[in-house]
Amino acid sequence: MQVGALEGSCLRFAPFFRWVFVLWFMMVSTEVVAQRAEIQHEGRTYIDLATAGGQFGMKAYWLKGHTIFRLRSQWTNVDLGKEKKILHLNGLPIYLGFPTIESSGRLYMAKADYQHVLQSILTPQAFSGKPGFRRIVIDAGHGGKDLGAKNDAYKLYEKDLNLDVARRLKSMLETAGYEVVMTRNSDVYIPLERRPQIANRENGDLFISIHFNAAGSSTAEGFETFALTPQYQASSKYSKPGRGDSARFDGNEQDPWNTLLGYHVQRSLVKRVGGPDRGLKRARFLVLKHLDCPGVLVELGFVSNPATAQKLRTAVFRQTLAQSLFDGIALYGKRLQRIP
Ligand SMILES: [Zn+2]
């Protein structure tokens, strides 16, 4: 009775204020949602991963006793840990610009990473300036006086391996109808800065730089693919951004396409040749900084690893490496075709 009387008096005395209250409540509750969807941390915007996943139509939930956060759709799994600067997209490690953060039981990723990694790979149609896909520039690393990595015991020199795989890739691409430009097609020395200049002068649509690794430890093995580090981020080998990381280069105009290309190339390598998968990483390599087209640099294994060195001596294995690069480039092209 009393409640009814109170309601009655409210309705009678203040119908206007009631609507004001309803409007105020709606505004406040929307703001609460917005605050949760995006938070500020160390001067950067972070986005709630459950909200981000929703934008891709993905389910979001914690796994393994609240240690791994998963975004999931029919074909895609994205796994992220707390305070981790890496995510796994269908198992493929992708290095982020900034570690994830947990707040009030929710996991957040830097909005920059959301754009440079998730959007670039999952919904590249969100970006304008879709690149062409006709003329492929292959850059065989090193050459001439610059031997690159080497394994004397197996008589392996990186410059020779790079050129061998580059030529195999060239022939596959030409058979498939692409135009191919080589930055070098013989054992000559070409300065680093000349290589992107050649790609730009020839109006290349895609640039792939081929390399092999070496390490002090003979156990190091696996593939890695590098895309240009986005502005304001640290490259993958550094934990935090430094003074030089605010620089922006011509190659950063291609950020979404660099990531998309890198993802498909790394994925194809691991799929066809096997692991360990060292992932898609970021670096400001000179050959990538001044490109006018999308580009990546691949490290096709460690010549310092005896098992890898043994395989690299066989033409069959080098052909397989070239074939997986071809697959990655073709998959990237197919993905571009699906963008209107
Ligand atoms: Zn190299």
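# Reading helices, strands and odd backbone angles

Tutor: Let's start with a helix pair: helix H5 (residues 158-175) packs against helix H10 (residues 315-337) at an angle of about 50 degrees, with the axes 9 Å apart. Before we go on, this is a predicted model: local features need pLDDT of at least 70, side-chain atom pairs count only at pLDDT 80 or more, and totals for chains, interfaces and linings use all residues. Residue numbers run from 1 along each chain as its sequence is written.

Student: What counts as a helix or a strand here?

Tutor: Both are DSSP runs numbered from the N terminus: helices (H or I) have at least four residues, and strands (E) at least two. The protein chain has 10 helices and 17 strands.

Student: And how should I read the angle between H5 and H10?

Tutor: Axes are lines fitted to C-alpha atoms, for helices over the stretch in contact, and angles run from 0 to 180 degrees between N-to-C directions. Under 35 degrees counts as roughly parallel, over 145 as roughly antiparallel, 65 to 115 as roughly perpendicular, and the rest as oblique. That makes H5 oblique to H10. The crossing of H5 past H10 is right-handed, a label used if the near helix is turned clockwise from the far one by less than a right angle, with anticlockwise giving left-handed.

Student: Which residues make the contact between H5 and H10?

Tutor: Two residues are in contact if their C-beta atoms, placed from the backbone, lie within 7 Å. H5 brings Asp164, Val165, Arg168, Leu169, Met172 and Leu173, while H10 brings Arg318, Gln319, Leu321, Ala322, Gln323, Leu325 and Phe326. By class, the contact of H5 with H10 has eight nonpolar, two polar and three charged residues. For those classes, Ala, Val, Leu, Ile, Met, Phe, Trp, Tyr, Cys and Pro are nonpolar, Asp, Glu, Lys and Arg are charged, and the others, Gly among them, are polar.

Student: OK, burial next. Where is the cut-off?

Tutor: Count the other C-beta atoms within 10 Å of a residue's own, with C-beta atoms placed from the backbone: 20 or more is buried, 12 or fewer is exposed, and in between is partly exposed. Across the protein chain, 39% of the 340 residues are buried. For a partly exposed case, try Arg194, which has 14 other C-beta atoms within 10 Å and is found in helix H6 (residues 194-201).

Student: Why is helix H4 called largely enclosed?

Tutor: H4 is largely enclosed by the rest of the structure because nine of its 12 residues are buried. Among them are Tyr114, His116, Leu118 and Ile121. The cover over its buried residues includes E2, helix H3 (49-55), strand E6 (86-89), strand E7 (92-95), E9 and H7. H4 (residues 111-122) lies across E2 and strand E9 (106-110), at about 70 degrees to E9.

Student: E2 and E9 sit in a sheet, I take it. How do I read one?

Tutor: In general, strands of a sheet pair through backbone hydrogen bonds, either parallel or antiparallel. Here, two strands pair if DSSP finds at least two bridges between them. One open sheet has four strands in the order E1-E2-E9-E8, with antiparallel pairing. Its edge strands, each pairing on one side only, are strand E1 (38-41) and strand E8 (101-103). Four bridges join E1 to strand E2 (residues 44-48), and Glu38 stands opposite Ile47 in E2.

Student: What about a parallel case?

Tutor: Look at strand E10. Four bridges join E10 to strand E13 (residues 179-182), running parallel, and five join E10 to strand E14 (residues 206-213), again parallel. Val137 has Val181 as its bridge partner in E13 and Phe207 as its partner in E14. E10 (residues 135-140) has five of its six residues buried, so it is largely enclosed by the rest of the structure.

Student: Last one: which backbone angles should catch my eye?

Tutor: As a rule, most residues other than glycine have a negative phi, and most peptide bonds are trans. His66 has a positive phi near 65 degrees; it lies in the loop between strand E3 (59-63) and strand E4 (68-72). His66 is exposed, with 11 other C-beta atoms within 10 Å. Lys155 has a positive phi too, about 55 degrees, and sits in the loop between strand E11 (150-151) and strand E12 (156-157). Lys155 counts as exposed, with 10 C-beta neighbours inside 10 Å.

Student: And where is there a cis peptide bond?

Tutor: Between Gly275 and Pro276, with omega about -5 degrees. Pro276 is in the loop between helix H7 (255-273) and strand E16 (277-283).
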